[in-house]
Amino acid sequence: METDSVAIYKALHVIFRLPVPWLIGSLLKIPNPYVRVDAKGLLCSIMLLFLMLLTTIGSIGCFKWKLSKPLGGCMIVLYFIFLAVSVLLLYDYIPCIDIQV
C-alpha cells in the first residue's frame with residue numbers, strides 16, 4: 001500500500017506541481033509566447049543515456065540477474081562514470097555535435 005501512495009504522489013507531482021511555475025512564467029510573458037529550446041549537447045546526452053542503459057542491463061546480466069553486493073558496487077561505479085562524463089560534456093571537455101532545432 002505504501003508503494004501505491006508513493007507512485008500516486010510522484011504522478012501528482014509531475015502532473016500538477018512541475019507545470020505550475022512554467023504556466024505562471026508563460027502567463028507573465030504574454031508578448032513573447034514562444035519558448036526557445038537549446039538542444040546543445042542533446043545528441044550526446046541521448047547517446048550517453050542509451051549507453052548507460054546498455055551497460056546497466058549488461059552488468060545485471062553478468063551477475064546472472066541476481067542482486068548482490070558486487071552488483072551494487074558495479075552500479076555505484078557506473079553512476080560515478082555517468083556523472084564524470086556528464087560533467088565533461090557540460091564543460092565541453094568532450095566535444096558534442098549540435099542539433100539545429
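**Disulfide, core and surface patch**

Apart from neighbours within four places in sequence, leucine 89 contacts Cys44, Leu48, Ile94 and Cys96. The model is predicted. Two of these contacts, cysteine 44 and cysteine 96, are bonded to each other as a disulfide, and a search of the whole structure finds one such bond. Leucine 89 also belongs to the largest nonpolar core, while Ile94 is part of a nonpolar surface patch.

**Disulfide**

- The sulfur atoms of cysteine 44 and cysteine 96 are 2.1 Å apart, which falls within the 2.5 Å that defines a disulfide.
- Cysteine 44 sits in helix H3 (residues 42–62) and cysteine 96 in the segment after H4, so the bond ties together parts that lie 52 residues apart in sequence.
- The disulfide between cysteine 44 and cysteine 96 is right-handed, because the torsion about its S-S bond is about 120°.
- Cysteine 96 has a relative accessible area of 25% and is therefore partly exposed, since that class runs between the 20% limit for buried and the 50% limit for exposed.

**Cysteines 62 and 74**

- For cysteine 62, the closest cysteine sulfur is that of cysteine 74, at 7.9 Å, which is too far for a bond.
- The reverse also holds: the sulfur of cysteine 74 has that of cysteine 62 as its closest cysteine sulfur, and the 7.9 Å between them is too far for a bond.
- Cysteine 62 counts as exposed because its relative accessibility is 65%.
- Cysteine 74, at 24% relative accessibility, counts as partly exposed.

**Nonpolar core**

- The largest nonpolar core consists of five residues: Cys44, Leu48, Met52, Leu78 and Leu89.
- At least two residues of this core come from each of H3 and H4.
- H3 gives the most to the core, contributing three residues.
- Among the contacts of leucine 89 are Cys44 and Leu48, both of which are members of this core.
- Cys44 thus has two roles here: it is a core residue and one partner in the disulfide with cysteine 96.

**Surface patch**

- Val87, Leu88, Leu90, Tyr91, Tyr93 and Ile94 make a nonpolar surface patch of about 640 Å².
- Leucine 90, one of the patch residues, is placed in helix H4 (residues 69–90).
- The relative accessibility of leucine 90 is 59%, so this residue counts as exposed.
- Ile94, another patch residue, is in contact with leucine 89, a residue of the largest nonpolar core.

Terms used
Residues numbered from 1 in each chain as written. Predicted model: local features only at pLDDT ≥ 70, side-chain atom pairs only at ≥ 80, totals over all residues. Heavy atoms only, no water. Patch = residues over 30% accessible without salt bridge, like charges linked within 9 Å, V, L, I, M, F, W, Y side chains within 5 Å. Areas by Shrake-Rupley, 256 points an atom, 1.4 Å probe, with all protein chains shown as cover. Salt bridge = Lys/Arg side-chain N within 4 Å of Asp/Glu carboxyl O. Helix = DSSP H or I, 4+ residues; strand = E, 2+ residues; numbered from the N terminus. Buried < 20%, exposed > 50% of the residue type's maximum accessible area, 1.4 Å probe, protein only. Core = buried A, V, L, I, M, F, W, Y, C linked by side-chain atoms within 4.5 Å. Contact = heavy atoms within 4.5 Å.
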